[in-house]
Amino acid sequence: MACDIQQFDADERVKALARKYGYPEYMVARFARFVPDLERFLASMEEPPRTYIRVNTLRINPNALIKRLSDKGFTLRETDVPDCLEVTGEPYSIGASAEFLSGYFYVQDKSSMVPPLALAPQPGDVVIDMAASPGGKTTHLAQMMGNRGLLIAIEVDESRLAGLRSNLGRCGIMNTVLFHMDARDVARLEIKADKILLDAPCTGEGVIAKDRSRKTSRGIEDIKYCSGLQEELIDAAHACLKPGGILVYSTCSFAPEENECNVDYAIKKYGMKVEPIPYGEPGLTSFGGLAFEPQVKNARRLYPHIHGTSGFFVARLKNV
């Protein structure tokens, strides 16, 4: 059963910040319980998000790409994430460059590169990506697998399949089979995977800098709905995971009910173990009236004002 949704009274500071930055009071009251340096956090989401690209090493090596883009006037900076470059200056949209159209890179937030790195798929693995569109993480997984092994990409929304197919082709992905289906039914494929990525549908609190309407377009009931759906998807993933296999669970939400709650659920129901990830801030071990298993702190949170990324949550779970 999904976690109880936690709500808190708004004090005068919370009310003032909610008015200043245009949020519902309930949302700021929740953020105030776990976000470090709350006002700097809210202010950071008023700024344009940074632009990052992931070098597609199936097509080109990083130095060659940096030279090609630099010759055209783009300025780039290396980051702490492998194959991830920050675009610090562009004479025109980098997504309109010939290098993009040739599949030499993928425009992708740095935070969304962390789940594939946490999963660490190897050539020869059987891997399932349970929510594949638009393909940033799928193409990253295939890249890490060296286009070998088997990558099963699942997408439930028919309208998003064309974009996913286009990105797979543009990036030269050869080891991926695409299924249009509800990932909750993945057991029907009768496949046991070495590794599974579940980048779950969520309320998207972490992408407010890209979509300001998100401040008010979803509410408490949406957190409750998503939390329940995410729990069902964890059940489905666990049913297809080999003993000793790895499940990486991620969302672009800040809501603990969509994150730590679900990791805690996987620990208590299936005995899964949370393994460390070398990026971000530790996961929460409590929120309001909720208390989580101590190992949930091995999960990681990424915040825009600390990490220069969209908001993200990532947990690496071993099926012991």
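A residue counts as buried when its relative accessible area is under 20%, and C202, at 17% relative accessibility, is therefore buried in this predicted model. Select C202 as the starting point of the tour: this cysteine is in no disulfide, and the nearest cysteine sulfur, which belongs to C252, is 3.3 Å away. If you then select C252, you will find that it too is in no disulfide, with the sulfur of C202 as its nearest cysteine sulfur at 3.3 Å.

Next, turn to the cysteines that are joined. The structure holds one disulfide, and to display it you should select C3 and C261, whose sulfur atoms are 2.0 Å apart. Because C3 lies in the segment before α1 (12-21) while C261 belongs to helix α11, the link ties together parts that are 258 residues apart in sequence. The angle about the S-S bond is -115°, and the link is left-handed. As for its two ends, C3 is partly exposed, with a relative accessible area of 22%, whereas C261 is buried at 2%.

Now select F31, which, together with M130, has the most contacts inside the largest nonpolar core, a set of 61 residues. Helix α10, covering residues 220-239, gives the most to this core, contributing seven residues. Apart from this core lies another of 27 residues, and V114, L151, L164 and I246 are among them. Returning to F31 and leaving aside its neighbours within four places in sequence, you can show its contacts with Y23, L38, F41, L42, E205 and F254.

From F31, extend the selection to F8, Y23, F34, F41, F254, F287 and Y303, which together with F31 form one aromatic cluster. Within this selection, look at F254 and Y303, a stacked pair with 5.9 Å from centre to centre and 15° between the planes. F254 sits in the loop between β9 (241-251) and α11 (260-270), and Y303 in the loop between β14 (300-302) and α12 (304-307), so that the pair links parts of the chain 49 residues apart. Both of these residues, F254 and Y303, are buried.

The structure holds 13 aromatic pairs, and another one to select is F74 with Y92, which is edge-to-face because the planes stand at 75°, with the ring centres 5.1 Å apart. F74 is buried at 2% relative accessibility, whereas Y92 is partly exposed at 36%.

As a last stop, select R170 and F100, where the charged end of R170 sits over the ring of F100, 4.0 Å from the centre of that ring.

Definitions and conventions:
Residues are numbered from 1 along each chain as its sequence is written. This is a predicted model: local features need pLDDT of at least 70, side-chain atom pairs count only at pLDDT 80 or more; totals for chains, interfaces and linings use all residues. Side-chain values use heavy atoms; hydrogens and water are left out. A nonpolar core is a set of buried Ala, Val, Leu, Ile, Met, Phe, Trp, Tyr and Cys residues joined through side-chain atoms within 4.5 Å. Buried means under 20% relative accessible area, exposed over 50%, partly exposed in between (1.4 Å probe, protein chains only). Helices (H or I, at least four residues) and strands (E, at least two) are DSSP runs, numbered from the N terminus. Contact means heavy atoms within 4.5 Å. Rings of Phe, Tyr and Trp (its six-membered ring) pair if their centres lie within 6.5 Å; planes under 30 degrees apart count as stacked, over 60 as edge-to-face and the rest as tilted. A charge sits over a ring if NZ of Lys or CZ of Arg is within 6 Å of the ring centre and within 35 degrees of the ring normal. A disulfide is a pair of cysteine sulfur atoms within 2.5 Å.
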